[in-house]
Amino acid sequence: MTLSEKQQLFTGLIAQLITWANDHGMRLTFGEAYRTPEQAALNAKKGSGIANSLHTQRLAVDFNLFVNGEYKTRTEDYRALGEYWESLGGSWGGRFKSNPDGNHFSLEHNGVR
């Protein structure tokens, strides 16, 4: 699958995730979607990301989660959303071993999750 085809698949899967969230009483706003390679390198240097982030390839998005109008920030708050995303074939940042990132939803590409 080409990168363009994977990006198109990712966009469709994100639409499904947003619809599922709405159907389950969760409201989402976009956090970070696209990240420049320069920003990814700066984040990696600071220890808050990786240089080859899938955000740079438009295969990752960070969401802000609201339940009953309340902004949720803990990885655990995103668990149901993350598990649904995984059922679609995506990778959920809440499972990252070194630095769980509950609001991160991506599609694996070239071994990067």
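The following questions and answers concern the nonpolar core and the salt bridges of a predicted model.

Reader: Which element gives the most residues to the largest nonpolar core?

Author: The largest nonpolar core has 21 residues, and Phe10, Ile14 and Leu17 are among those with the most contacts inside it. Two or more residues come from each of α1 (3-23), β1 (26-30), β2 (60-67) and α3 (79-87). With 6 residues, the element that gives the most is α1.

Reader: Which tryptophan residues does phenylalanine 105 touch, not counting residues up to four places away in sequence?

Author: Phe105 is listed with Phe63, Leu81 and Trp85 among the residues with the most contacts inside the largest nonpolar core. In soluble globular proteins, nonpolar side chains tend to be buried together. The residues that phenylalanine 105 touches include Phe10, Leu17, Leu59 and Tyr78, and the tryptophans among them are Trp85 and Trp92.

Reader: Are the two partners of the salt bridge between arginine 35 and aspartate 62 buried or exposed?

Author: The closest N and O atoms of arginine 35 and aspartate 62 are 3.9 Å apart. Residues under 20% relative accessible area count as buried. Arginine 35 has 8% relative accessibility and therefore counts as buried. Aspartate 62 has a relative accessible area of 9%, so this residue is likewise buried.

Reader: How many residues apart are arginine 35 and aspartate 62?

Author: Arginine 35 lies in the loop between β1 and α2 (37-46), while aspartate 62 belongs to strand β2. Their salt bridge thus links distant parts of the chain, and the two residues are 27 residues apart.

Reader: In the salt bridge between lysine 72 and glutamate 70, which residue is buried?

Author: The closest N and O atoms of this pair are 3.4 Å apart. At 46% relative accessibility, glutamate 70 counts as partly exposed. A relative accessible area of 19% places its partner in the buried class, and that partner is lysine 72.

Reader: What separates arginine 79 from glutamate 83 along helix α3?

Author: Arginine 79 forms a salt bridge with glutamate 83, with 3.7 Å between the closest N and O atoms. Arginine 79 is partly exposed at 27% relative accessible area, and glutamate 83 is partly exposed at 38%. Because the two stand 4 residues apart in helix α3, the separation is about one helical turn.

Reader: Which residues are linked with arginine 79 and glutamate 83 in a network of salt bridges?

Author: A search of the whole structure finds 8 salt bridges. One of these joins arginine 79 to glutamate 83. The residues linked with this pair in a network are Glu76, Glu86 and Arg95.

Notes:
Residues numbered from 1 in each chain as written. Predicted model: local features only at pLDDT ≥ 70, side-chain atom pairs only at ≥ 80, totals over all residues. Heavy atoms only, no water. Core = buried A, V, L, I, M, F, W, Y, C linked by side-chain atoms within 4.5 Å. Buried < 20%, exposed > 50% of the residue type's maximum accessible area, 1.4 Å probe, protein only. Contact = heavy atoms within 4.5 Å. Salt bridge = Lys/Arg side-chain N within 4 Å of Asp/Glu carboxyl O.
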